[in-house]
Structure formats: structure tokens, C-alpha cells
Amino acid sequence: MRVPLSWLREYVDLPATETGRDVQARLVSAGLEVERVERLGADLKGPLVVGRVLTIEELEGFKKPIRFCTVDVGTANGTGEPQEIVCGARNFAVGDKVVVVLPGAVLPGDFAIAARKTYGKTSHGMICSGDELGMGDDGSGGIIVLPPEHEVGTDAIELLELVDEVLDIAVTPDRGYALSMRGVAREAATAYGLPLRDPALLDVPGPNAFGHPVEVSDRQGCDRFTARTVTGLAPETGSPIWLQRRLQKAGMRPISLAVDITNYVMLELGQPLHAYDRSRIQGAIGVRRAEPGEKLTTLDGTKRTLDAEDLVITDDRGPIGLAGVMGGANTEIDDTEGTTTEVVIEAAHFDPISIARTARRHKLASEASKRFERGVDPEAAAAAAQRTVDLLVLLAGGTADAGVTQITAPSAPHTITIPANHPDKVAGVDYGRETVVRRLQQVGCDVYGQDELLVTVPSWRPDLSDPNDLAEEVIRLEGYENLPSTLPRPPAGLGLTDRQRLHRRVGRALAGAGYVEALNYPFIGTEVLDQLGLEADDPRRTLVRLVNPLSDEEPAMRTTLLPGLLGALRRNDGRGSHDLALFETGLVFRPTGRERKAERLSVDRRPTDEEIAGVDAALPRQPRRAAVVLAGAREQAGWWGKGRPADWADAVEAARTVAREAGVELTVRGDRHAPWHPGRCAALYATVDGEETLVGHAGELHPRVIKALHLPERSCAMEIELDLLERAGAGALQAPRISAFPVATQDVALVVSRDVPAADVEAALREGAGELLESVRLFDVYESEQLGGDRKSLAYALRFRANDRTLTVDEASAARDTAVALAGERTGAVLRS
């Protein structure tokens, strides 16, 4: 919301010495987020005056049209003689009043004006456009042509209100009232302790039977509808300068008088309005839900297919507007031919949720929808309609029709019961009853009672719904900066949980292994699951869908970490980083189907254990996982030797790196599991609660997945569940015992069938070697015709060591032979000769 300081002073008598920065500080202290103060015309220097065009000479022989003009600027140039000016614009004629900047002036952007020779003539100044004066877009795209009543030589800086300060306020969703001059003025009046001149306090005639007929069939979607009619408008009348300038300073473009007035009143009171050309309305105005498949062409020229949940404004022909979002083109005020002489003013109150969903569904955010979805004062509709009628009568020469249509659904004011000392308890400050009552009255509340206060919330504050909201109002108006700074005192002995420690260790270990952490939003859509090649019955397709997603393309919570990581891999590769190793640790969301609806908890006390358990039961299972993705070179080439690309083995090693942090030894077996390549996919197992359990997968991604996601060739990935690893671990990590005795190394090469997993052979060697085995490592895999087409050789290095003695050759050999024998018994392995 852009708030011109000159406009704000109309409602609050701010001290004349107060600058925009001073007002910003007061409003920030009161809780409004004033992002910046824009000083309009701060670098503007006159003379800048009103001139009348006397003559125009067309200059020939140039690539673009050039005009040599003489302009009467009165005595502003010191001589009273006509000013000679060269100009390229063509939207003015002889006799028009224009804005002239004379030599010696400085325009915005430190643009100094001086007499200069151009196109064979000497130009003594400029005829100005709105952009050159920093006025913004006025829709004309050319020279400013002023109304004829302005005197020649008048100071145009004051006339055009070029010097001002504008507060740029970022309005949070709970403070919709601040999207109006009325709301900001109320905050300013409270901050300065000054009275407010409320622009909504108008004499409004009561409803009667002579107004334009209105039929509201959906009272839940539209609980108030006011219609007023103005006739006899002069269609050629344009918006006065003061009205155009206020709209421009507030960030809106002037269009036509009727439209400008509705926009002006919306900015002033916060109530969106719409003006219909009465001659284009057929029958009664209606409010209903759209029928599926109905069409409407909105004011932006787009033909839209309506949804059954859309709230629409209709006449006898069908929809003529999207309620609270945008009007239809078939009842638009004609600002081109100037034929509109009668208008019907709509001032209604619509359901915020309905408007927000319609605006999002049609990707049609408007100034009106932005206000309705945050909450508009329903009591202001009649006043806004009256204010619009008054301005149309005053500025367009119209006549207010005696008919007033007003449809109102019965409603009671919202009341809240709050202990008088509740804000004291929330803030830890002794405010006292008198301060609490005074601050709530400044907000607009009616307050009754002594120790127990009965508070009636004002209609323009729908965000005040419970005692803590009222406590926040008291605290912010008293000043957040006045709250004492006290540090909490946690009880001794608390710290990170085992789960948190494992999470941090895994992150450090992967970073130390050369991976870069890439955090991603936890949202996905079904399209990426198709691209990953998941089967229709894959559990990862069972999603938790959001009621109010940030993006319609990603409306659900992730069931795997891979979509976000692969998206980061694709973006970085597309931007020139081709050797990538990324990781992420975080939660995934796996619904069980047994979740139940959660009850809304009270905020005036700590929830009971049963209530917390009920909330937990409504949540899906949320295991913590770790995942990595790799592409390009894993080891760079250089003078030290050849590099090598990342492959499936690196992904498996990343899983082992994660498992080591939990003190877990992984078992690796071949598997077929999307999105991995069926021949290069490893299933990762660990012993959890005494049973071998699948904890993750690693390997090279399927070529179809790589093509669908536009990833680098041979990209690899790993995903593993940290919660299962924590359960599989032995608790706190123990430092390895270091023996002072030497190691005995024995190498064995075993020939097995080609389909025997190396992990099975290794498991048998470990078990057969007994307690003396320190480690076993596969260091070679060999295949040849000599071994047979269906055989392979696996070479292992066995390290033996005792803690209390030096092993003899016989002891090491015996342990090796026992290990080989058990491997042969279980896997059919034989020593390679």
C-alpha cells in the first residue's frame, strides 16, 4: 500500500514538521511494516510552469516528426515573450495548455535544462511528459495536456503536486484494513495521539424499493450488496489533476473519471467497488455460484471458463463479472467513445476464502481481490457507495438517483471475553486495566466490565478473533521496543536428541566427502512422480495434499527427497556447473491411511497429553531421510593423473558414509527399484531390531528418468532412511580400539557363479573368519573365458589382528581357511588356482 503523506494529512493533523521518515518510525513502532519512504520531487527544481501553445511549425527532412513551437509562459521567463521550444510529441495542438520547463530548471534524475541548438533550431526549454516529471504512467504516453482553466505562468510544481513523500507499506495478510488510507490514518492517529477524521462517517440514505433490482442467491458468499445509480453524467469529463495525481502516487493508472473515482474510494475506504454502464445491464443484477463451463470475458480481454465454486455477478444474459475479482467486458464503462451517461455502483462484501480461491484459480490477482481475501469492513459498503455517488455528482455533473438497493444478511457483532490482566501475562509487563481498555478503544473496540472485559470487535478488524489477538493489539500499541529483554532459563541436562545428533553428523560427513548441501521446498506434484517412473501402486504415490498450496503445480508434500535434489542438479548443470555432488537431509511425508481429523487446540493453556496425542495421530508418518545425487566427474583429471566420472559405486559409498555415522554396517544387494537403472541399482539393508531391514537404495538412474528430467547422462543417486539407521545403531558411537600388535593380511580369490552377490560372499567370509578378523575388502572382480561365461572371480583382502598377541602364520591361515570353507558351503565359492 502506497500512502502519500499529503493525502494522509487530510485525515490526521500531523505536525507540520513531521517528515515521511518520522511517520515511518511511528508506524513501524505500531507494528506496520513500512518498507521505504519515497521522496517525490526531491531533486526537482523550477521554473516549471503552465504554458499555452501559440504556434506549431512542422520541421521537414528528419527521420522522425519534429515540431518547432512557440509557447506563452507569461512572465515566468522574465521577458513575457513567447518561448521557442523544439518538441517531438504530437498529442497537442495550438491553444492547448501544457507544462513547460524553462532553462535553469532541473528535472528528476539530475537532468539540467538549458537552451540548446537541435534540428537547426534553438530550444529554450521543454514541453514535458508525465514520465519526464516522475509522475508515472498516466496512460496517454505523451505530453501533459492540462484543462483550459489553468492560468498561463502558474507554478506547475504545486499544480501537479510533484513534491511529496510516499510511504510504501508491506501489508501482512492479517491487517487488510491497512490497505486503505482510512486504516493507515487510524494507525497514525493512534501513534501520535491525535483525533481521526474518519472518511467513512457519511450520511447514507436508507434502502428503498426504487433502486436497481438485485437478487443475491448465495448469502454465504455475499452477505452485503449495495447498489446506487447516477444518471446524467457528462461522458467527456476527465478526471481532475488532484484525483489523477493521488492515484498515480498510490501506484494506480488513471483511466476514466468513473473508474478513477471507484479506485479512489477503494484506496480511501478500503472497500472495492465496481461501476457498470447501466445501458449495458439487462434486468436485475444477481449474485450466485457459476455453472460449470460458463464463459466470461473479463476486463483484461481474457475469455475465462468458470468453475462451479466461482462467485459471479450476473444479469439476465448470464455472468457479467467475477465477484470481488474483476468485472466483465460486456458492462464496461466506455472510456474510449465517451458514451456512458448512467452508471450503477456496486459496493458488496464477499466471502474472503471464496474470493481468494477464485483469484488463484484464474491466476487473476487484482486490487479488489487483494483486499477482499484479507478482509474488508462490511459496514463500509454503504458509505463507499455514497462517497462514490457524491464524487460522480461533484466531478461529472451527474444526478444521484433516489433509489437505494441494500441487501444485508443478519449478523451479530463479534464479542470476546478477556481477563483485564491477560495482556500483562502475555507480555510479562504490568500494563494495568486502564491502559488495556484505552488501547483497545483506540483500535475501535467497545469495552465493558472490570476484571473480566467484554470486548466488541470493530467491523474493520476481522483478524481479532480471540483474547491473544487483543493482547497483541495492546502490546504493539504500547511498543514492542518497551518489552523487557529476558533470556529463558532452560533446565540443566537438556541438549540435542540422538536423532538430532545423527542428523548433524550425517551432514558433516557428507560435506567432508565432497557433497554440497542443497535445501529444497518439501512440495511435489504428480508429474514428477510420473517422470521418475513410479508404478501406479508405488507407496510413494500416496500423497498428503495441501488445502492451500503455494503452487498449483506442487500441491502435495514430498514422499521422497529425490525430486527436489534432481531439480537442483538440473538447474546447476544448465548454468554451467557440470561436476556435481549434492546432498539433502530432511523429512518425507508418508500417510498410512489411519490418520484422523485433528481438533483445534485452545491457546489459553498448555494442551493436555491426550490432546497432543490426538494431534500426532492426525499427522502422517514423517521419517527423516538423507539423499545424494551425482553427475559429471567424481575425481578431476590433472597432473596427478586421470580423473574418473561418478558412477553407481560412489552412490553406494555415500550410503556407507551415512551408515558409518550411525555405527551401522550395510549389506548391499542388487535390486530393481524406480527410478534406478535395473542393472545398476543396489538395495541397502541393515539389521534393525534383530531383523534385516531395507533402509534405502543407491545406484545409477534409469535412462528414461534422465531423459524425462533433462539430467546429465549417467547421473546417480542414493536415498536412505536415517530413522531406521538410528534404530539399527548401537547408540553412542564408540571409538575404535587400537591394537599395538601387527596385522596379518591374507588375500583370497574366490570363483563363484555370476549371479551370486558379492555381499553374500563377504558375509560368509566375515562369519567364518571369527573374532580375529579386523576387516574384509573386495579389491578385484575378474571375468574371462578361462573361468567360464557364467563365472566370476572375487578377490578379497582379509586383515587379522589380536588385541593381546602377535598372530602366527598358522592362526591367520586357519582363520582364512575357515572363512573360505564357509563361503564355499553357502555360495559355492572355490579358490581360484
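Start by selecting C681 and G699 in this predicted model: C681 stands opposite G699, which lies in strand β37. Widen the selection to β37, residues 691–701, and to its partner β36; the two strands run antiparallel and are joined by nine bridges. They make a hairpin with two residues between the strands. Click on D689 in that turn, where phi is positive at about 55°.

Now follow β36 to its other pairing. Select strand β35, residues 667–670, together with β36, residues 676–688: four bridges hold this pair in the antiparallel sense. Here too you are looking at a hairpin, with five residues between β35 and β36. To find your place in the pairing, label V668, whose bridge partner in β36 is L684.

Stay here for one side-chain stop. Show R669 and Y685 as sticks: the charged end of R669 sits over the ring of Y685, at 5.1 Å from the ring centre. For another arrangement of this kind, select R26 and Y192, where the charged end of R26 sits over the tyrosine ring, 4.2 Å from its centre.

**The core around L27**

With R26 on screen, step along to L27. Which residues have the most contacts inside the largest nonpolar core? They are L8 and L27, in a core of 55 residues. Colour helix α9, residues 381–396, next: this helix gives the most to the core, with nine residues. Then return to L27 and show its surroundings. Leaving aside neighbours within four places in sequence, L27 is in contact with L32, V34, L167, I169, V184, E187 and A188. Another core lies apart from this one; it has 33 residues, and you can locate it by selecting L502, V506, F583 and A728, which are among them. As background, nonpolar side chains in soluble globular proteins tend to be buried together.

**Helix α11 and its cover**

Select residues 433–443 to bring up helix α11. Which of its residues are buried? Show T435, V436, V437, R439, L440 and V443, and you have them. Now add what lies over them: the cover includes α4 (181–192), α10 (422–427), β26 (446–448), β27 (452–456) and α12 (467–478). Before leaving, click on G444, just after the helix, which takes a positive phi of about 120°.

**An open sheet**

For a wider view, display β14, β17, β20, β21 and β22. These five strands form an open sheet in the order β14-β17-β20-β21-β22, and their pairing is mixed. Where are the edges of the sheet? Look at β14 (214–216) and β22 (326–327), each of which pairs on one side only. At the β22 end, select β21, residues 318–322, as well: β21 and β22 pair in the antiparallel sense over two bridges. Label L322 and M326 to see a bridge there, since M326 in β22 is the bridge partner of L322.

**Aromatic rings**

Time to show the rings; the count comes to six aromatic pairs. Begin with F62 and Y119, an edge-to-face pair with 4.8 Å from centre to centre and 85° between the planes. This pair links distant parts of the chain, 57 residues apart: F62 is in the loop between β3 (48–59) and β4 (66–72), and Y119 is in the loop between β9 (116–118) and β10 (121–123). Switch on the surface and you will find F62 partly exposed, at 36% relative accessible area, while Y119 is partly exposed at 32%.

Move to W639 and W640 for another pair. Their ring centres are 5.6 Å apart and their planes stand at 80°, so this pair is edge-to-face. W639 is exposed, with a relative accessible area of 80%, and W640 is exposed at 55%. One further stop for rings is the trio W7, W242 and Y264, which ring pairs link into a cluster.

**Last stop: the cysteines**

How many disulfides are there? The count is zero. Select C69 and C87 to see why for one case: the sulfur of C69 has its closest cysteine sulfur in C87, and at 5.8 Å the two are too far apart for a bond. C69 is also buried, at 0% relative accessibility. Finish on C222, another buried cysteine, with a relative accessible area of 1%.

Methods. Residues numbered from 1 in each chain as written. Predicted model: local features only at pLDDT ≥ 70, side-chain atom pairs only at ≥ 80, totals over all residues. Heavy atoms only, no water. Pairing = 2+ DSSP bridges. Buried < 20%, exposed > 50% of the residue type's maximum accessible area, 1.4 Å probe, protein only. Contact = heavy atoms within 4.5 Å. Phe/Tyr/Trp six-rings, centres within 6.5 Å; stacked < 30°, edge-to-face > 60°. Lys NZ or Arg CZ within 6 Å of the ring centre and 35° of its normal. Core = buried A, V, L, I, M, F, W, Y, C linked by side-chain atoms within 4.5 Å. Disulfide = S-S within 2.5 Å.
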